[in-house]
Amino acid sequence: MKASSVSFQAAVVFVIVGMVWGLIMAISGDHSAMPAHAHLNLLGWVSLFLFGIYYRLHPLLDRHRSAMTQVGLWIVGTVVQAVGVGLVHTGHESGEPFAAVGSLMVLASMLLFAWLVFRNERAGLPSHSATAPAE
Ligand code: HEM
């Protein structure tokens, strides 16, 4: 499977979970888990969907194993971080190691993405727009 397909599918799952979480916060009036909700939506929905768009625009990179590794690491890191931050902000100190490990995972994933972007941009590999037929 392509990295972009995994990104798009995981992103819509994350945003549905994030929105339900937001509704639960709003209905209950307990906003203490708000930082976890915000991170889940911004890492799991916004960032992941943006990765998917970049990979979809670069078909050679989209099929590369390193792109799939980057997306997989991001997905696992997002879940671990959201659980950890959620626990910490609802008074469970046991969540701290999860928040820390999840944060390091998404940082490592972003460093890998940055490396892929620099390598791809400098190599001048064909992008989707470059291969599209002229009107
Ligand atoms: C059904 C959809 C959603 C509901 C019901 C919802 C609900 C909430 C609630 C109740 C808060 C706490 C506000 C506060 O305590 O000040 C919040 C905060 C937040 N939400 Fe959502 N949310 C939803 C979707 C989203 C989405 C899709 C995103 C991002 C793409 C998002 C990003 C954020 C952020 C960044 C904050 C923190 C805002 C701040 O720092 O004041 N939310 N949301």
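How many helices and strands does the secondary structure of the protein chain come to? The count is 6 helices and 0 strands, and keep in mind throughout that this is a predicted model.

**View 1. The whole chain, helix after helix.** Follow the sequence and you meet the pattern α-α-α-α-α-α. Along its principal axes, the C-alpha trace covers about 55 × 30 × 20 Å. The protein chain has 135 residues, and 39% of them are buried.

**View 2. The shell around the ligand.** Here's who surrounds the ligand: Met19, Gly22, Leu23, Met25, His31, Met34, His37, Ala38, Asn41, Leu42, Trp45 and Val46. Sort these shell residues by type and you get 8 nonpolar, 4 polar and no charged. Helix 2 is the top contributor to the shell, giving 7 residues.

**View 3. Polar contacts to the ligand.** Zoom in on three side chains that meet the ligand: His31, His37 and Asn41. In His31, a side-chain N or O atom sits 2.7 Å from an oxygen atom of the ligand. For His37, the partner on the ligand is a nitrogen atom, 2.9 Å from an N or O atom of the side chain. Asn41 also points us to a ligand nitrogen atom, with a polar side-chain atom 3.3 Å from it. Stepping back to the shell again, the elements that supply two or more residues are helix 1 (3-28) and helix 2.

**View 4. A nonpolar patch on the surface.** Leu42, Val46, Leu50, Ile53 and Leu57 together make a nonpolar surface patch of about 410 Å². Two of these names may ring a bell: Leu42 and Val46 are also among the residues that surround the ligand. Leu50, another patch member, lies in helix 2, which runs over residues 34-57. Is Leu50 buried or exposed? Leu50 counts as exposed because its relative accessibility is 51%, and the cut-off for that label is over 50%.

**View 5. A salt bridge between Arg56 and Asp62.** The structure holds 1 salt bridge. The partners are Arg56 and Asp62, whose closest N and O atoms are 4.0 Å apart. How do the two residues sit with respect to the surface? Asp62 has just 3% relative accessibility, so it counts as buried. Arg56 has a relative accessible area of 38%, so this residue is partly exposed.

Key:
Residues are numbered from 1 along each chain as its sequence is written. This is a predicted model: local features need pLDDT of at least 70, side-chain atom pairs count only at pLDDT 80 or more; totals for chains, interfaces and linings use all residues. Side-chain values use heavy atoms; hydrogens and water are left out. Patches are made of residues with over 30% relative accessible area and no salt bridge: like charges are joined within 9 Å, nonpolar side chains (Val, Leu, Ile, Met, Phe, Trp, Tyr) within 5 Å. Accessible areas come from the Shrake-Rupley method with a 1.4 Å probe; for residues, only the protein chains shown count as cover. A salt bridge is a side-chain nitrogen of Lys or Arg within 4 Å of a carboxyl oxygen of Asp or Glu. Helices (H or I, at least four residues) and strands (E, at least two) are DSSP runs, numbered from the N terminus. Buried means under 20% relative accessible area, exposed over 50%, partly exposed in between (1.4 Å probe, protein chains only). A residue is near a molecule or strand if one of its heavy atoms lies within 4 Å of it. A polar contact is a pair of N or O atoms within 3.5 Å; within protein, one must be able to donate a hydrogen and the other to accept it, and residues adjacent in sequence count only if both atoms are side-chain atoms. Ala, Val, Leu, Ile, Met, Phe, Trp, Tyr, Cys and Pro count as nonpolar, Asp, Glu, Lys and Arg as charged, and the others, Gly among them, as polar.
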